[in-house]
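Q: Hi! Could you walk me through this one before I head back to the bench?

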Amino acid sequence: MDAICEVYENQWAGSEALHAQVAAIEVLWQDFSHKPGDQVLIPLNTYTAQFPEMKKKIEKRNRKLIDYDSQRHSFQNLQANAAKRKDDVKVTKGREQLEEARRTYELLNSELHDELPALHDSRILFLVTNLQTLFASEQVFHNETNKIYAELEAIVDKLATDSQRGSYTLKKANVNSTPSSPQQPAIKAIANSTATISNNSYPNTTITNGSANANSRKYNELS
């Protein structure tokens, strides 16, 4: 649009209106470029940020399951050895560790059983809301710019009409017009130039009346 403003001359029809419409397009574009960022990209980033956290929680649940299995295996060994050694202290401590590992695992597992289906089901509602916002912004932007382009087209049509009427056609100069200066000064200048050329060409041949008479007397004496 900057190129259009540069080539469109100020004296043409609708020049001010054209610059105003171009400025309006710039405002619309700035507004449109910010809205998707605020209303579409930020919610999208927030939504996708859940997946790494959920992945970490799943990995933690898997580690707690391994801990739970390890504690259960250790407790089974303690029970087998306790029958021989009658070591109730170790059995009691092992049972407590087993219960702690079981509670930790079951808590994480229960949370994931609730959160994962909810996250999976939320994808449709999120995408619908997000895409509706994006498409609505696109629609407003293109509708408003369409109106502006219609105004620009009308301005150019007016310029074409004025051009066809000859409003911007250059007037031809009249080559047969009478010169404004008189001819006498020109003739006088030519005469002066001719005299100057003659004097410069024959500087030593200037003859005066006195020199002509002297030459005549010398000729008579010789005769």
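Here is a short chat about the chain and a few of its residues.

A: Happy to! Keep in mind that this is a predicted model.

Q: Sure. How many helices and strands are there in the chain?

A: The chain has 6 helices and 0 strands. Along the sequence that reads α-α-α-α-α-α.

Q: And what share of the residues is buried?

A: Of the 223 residues in the chain, 16% are buried. The accessible surface is about 17,700 Å², and carbon and sulfur atoms hold 55% of that.

Q: Which residues form a nonpolar patch on the surface?

A: Leu-127, Leu-131 and Phe-135 do, and together they have about 290 Å² of accessible area. Phe-135 sits in helix α4, residues 88-164.

Q: Is Phe-135 buried or exposed?

A: Phe-135 is exposed, because its relative accessibility is 53% and the cut-off for exposed is over 50%.

Q: Switching topic: where is Leu-18 found?

A: Leu-18 belongs to helix α2, which covers residues 15-48. With a relative accessible area of 2%, Leu-18 counts as buried.

Q: What does Leu-18 touch, leaving out residues up to four places away in sequence?

A: Its partners are Ile-4, Cys-5, Tyr-8, Leu-152 and Ile-155. For Cys-5, the C-alpha to C-alpha distance from Leu-18 is 7.7 Å, with their positions 13 residues apart in sequence.

Q: Back to the whole chain: what share of contacts with a separation of 6 or more comes from residues 24 or more positions apart?

A: Those account for 78% of such contacts.

Terms used: Residues are numbered from 1 along each chain as its sequence is written. This is a predicted model: local features need pLDDT of at least 70, side-chain atom pairs count only at pLDDT 80 or more; totals for chains, interfaces and linings use all residues. Side-chain values use heavy atoms; hydrogens and water are left out. Helices (H or I, at least four residues) and strands (E, at least two) are DSSP runs, numbered from the N terminus. Buried means under 20% relative accessible area, exposed over 50%, partly exposed in between (1.4 Å probe, protein chains only). Contact means heavy atoms within 4.5 Å. Accessible areas come from the Shrake-Rupley method with a 1.4 Å probe; for residues, only the protein chains shown count as cover. Patches are made of residues with over 30% relative accessible area and no salt bridge: like charges are joined within 9 Å, nonpolar side chains (Val, Leu, Ile, Met, Phe, Trp, Tyr) within 5 Å. A salt bridge is a side-chain nitrogen of Lys or Arg within 4 Å of a carboxyl oxygen of Asp or Glu.
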